[in-house]
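Trainee: Could we go through this one together, with the sequence and the structure side by side?

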Amino acid sequence: MPLHSIDAARLIGRILALGEIGRDPQGQLTRLAGSDSDRAGRDRLVGWLTDAGLEVVIDRIGNIFGIWRDETNAGEAPLMLGSHIDTVINAGVYDGCYGVLAALEVIETLKERGATPARPVIVAAFTNEEGVRYAPDMLGSLVYAGGLSVEAALSIVGTDGTTLGEELERIGYAGSTEPGFARPHAYVELHIEQGPALEREGFAIGAVENLQGISWQRITVDGVANHAGTTPMAMRRDAGLAAARVGLFLREHITRSNGPSVATIGTMRFEPDAINVIPSRAVFTVDLRDPDEDRLQALEMALADFLVRIGAEEGVEISVERLARFQPVTFDQGIVEMIEASASTRSLKSRRMTSGAGHDAQMIARIAPTAMIFVPSRDGISHNPREHTEPADLVAGANVLLDVVERMARSG
Ligand code: HGY
Ligand code: MN
Ligand code: MN
């Protein structure tokens, strides 16, 4: 059987074109959910979906869907593909966008070949997968999967004091369709690995069989502002020092445990934020992850205990706000095997793996058989403008997606 291929130039061209949308004067790429640059990226995608002859649907949380269906298959549960096109700050061009554009490419390739799938095929671009402006992350797919009400999601206040609902209205993506309008027959997400494993071990394809749990917290430490020069160390109630101790604790605790857990303090701000004033307040976030739910809970408990301890030792008040909490998920073995079979037919070396990053697949797995396909990330770098995947790897991943879609769309 001939091995079909997607149109490599069209796919790569669109990834690079979308990657130019949302650059600031310094050339940094940022398309935070609900922002003007997010609107520009969304508009570009909707243009491509429309040009491809797909029915475009926007739901109430701003998820974008391109639907390929006809009267012969409209009654069947759809095969859903996709990812996200919002980005982190100073992002690369592949995270999320590759999966959305490769899904569109697969549909266009099948349409051009005159394929007649037994079920509709949908490409989805989910709102606010990154969660940088509005927490939690994977928000649009979480709502679509019924994990959070639309109303609760729309009322989430962002890091800049806006609400997601206001911003979706402002950018023209507050759709009218109820999220969850179609329960997928299956969901497959193609994504860059964003880690070092595939490149380091020489694999072209990752058949992702599970995804780790995620815990996001915002921690506020309240101490007492005082003079940096006149205040003896023993008299200080230093919010900044307490915050610094948390970072050290997490590093040492995880190193001692010698397990796969990871911890990140990605944001931190002090008040009054002056060089010669002992900080009265520190506000920072902690991102904890582990593939095992019990270990993740144990890590959360260890952190909670440490916060109580340093509150007493440093004479500071500590409060914690939970921003996101998602359990690990296991993907559908049948789809994982299809991914491996396609890679083998195409003489692509593949390995099974766990996703360290959160993805929309983590949410859609709640309502449909789900799996992911990874392709290598150069130097394992992501959430960084140096993010890169070789064109040959991008095309290989899209062709594996093509095979899986053909196989799953064939059976009624
Ligand atoms: O945080 C994550 O893993 C994803 O990039 N939202
Ligand atoms: Mn992503
Ligand atoms: Mn990301």
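Mentor: What follows is a short talk about a metal site, a ligand and one residue elsewhere in the chain. This is a predicted model, in which local features need pLDDT of at least 70, side-chain atom pairs count only at pLDDT 80 or more, and totals for chains, interfaces and linings use all residues. Residues are numbered from 1 along each chain as its sequence is written, chains are lettered from A and ligands numbered from 1 in the order in which they are written, and side-chain values use heavy atoms, with hydrogens and water left out.

Trainee: OK, what coordinates the manganese ion (ligand 3)?

Mentor: Its donors are Asp95 (OD), Glu130 (OE) twice and His383 (NE2), at 2.1 to 2.7 Å. Donors here are N, O and S atoms within 2.8 Å of the metal (3.2 Å for Na, K and Ca), and since water is not among the atoms, sites may look incomplete. Along the chain the donors follow the spacing D-x34-E-x252-H.

Trainee: And where do aspartate 95 and glutamate 130 lie?

Mentor: Aspartate 95 is in the loop between β3 (79–83) and α3 (97–112), and glutamate 130 is in the loop between β4 (121–125) and α4 (139–144), so the pair ties together parts that are 35 residues apart in sequence. Helices (H or I, at least four residues) and strands (E, at least two) are DSSP runs, numbered from the N terminus.

Trainee: Are those two buried or exposed?

Mentor: Aspartate 95 is buried, at 7% relative accessible area, and glutamate 130 is buried too, at 8%. Buried means under 20%, exposed over 50% and partly exposed in between, with a 1.4 Å probe and protein chains only.

Trainee: How far is ligand 3 from the other manganese ion, ligand 2?

Mentor: The two ions are 3.5 Å apart, and aspartate 95 coordinates both.

Trainee: Switching to ligand 1, which atoms lie by its oxygen atoms?

Mentor: A polar side-chain atom of glutamate 130 lies 2.9 Å from an oxygen atom of ligand 1, a side-chain N or O atom of arginine 289 is 2.6 Å from one, and a backbone N or O atom of glycine 358 is 2.7 Å from one. The protein buries 94% of the 210 Å² that ligand 1 exposes when taken alone, with areas from the Shrake-Rupley method and a 1.4 Å probe.

Trainee: Last thing, where does isoleucine 6 lie?

Mentor: Isoleucine 6 lies in the segment before α1 (8–18), and at 5% relative accessibility it counts as buried.

Terms used. A polar contact is a pair of N or O atoms within 3.5 Å; within protein, one must be able to donate a hydrogen and the other to accept it, and residues adjacent in sequence count only if both atoms are side-chain atoms.
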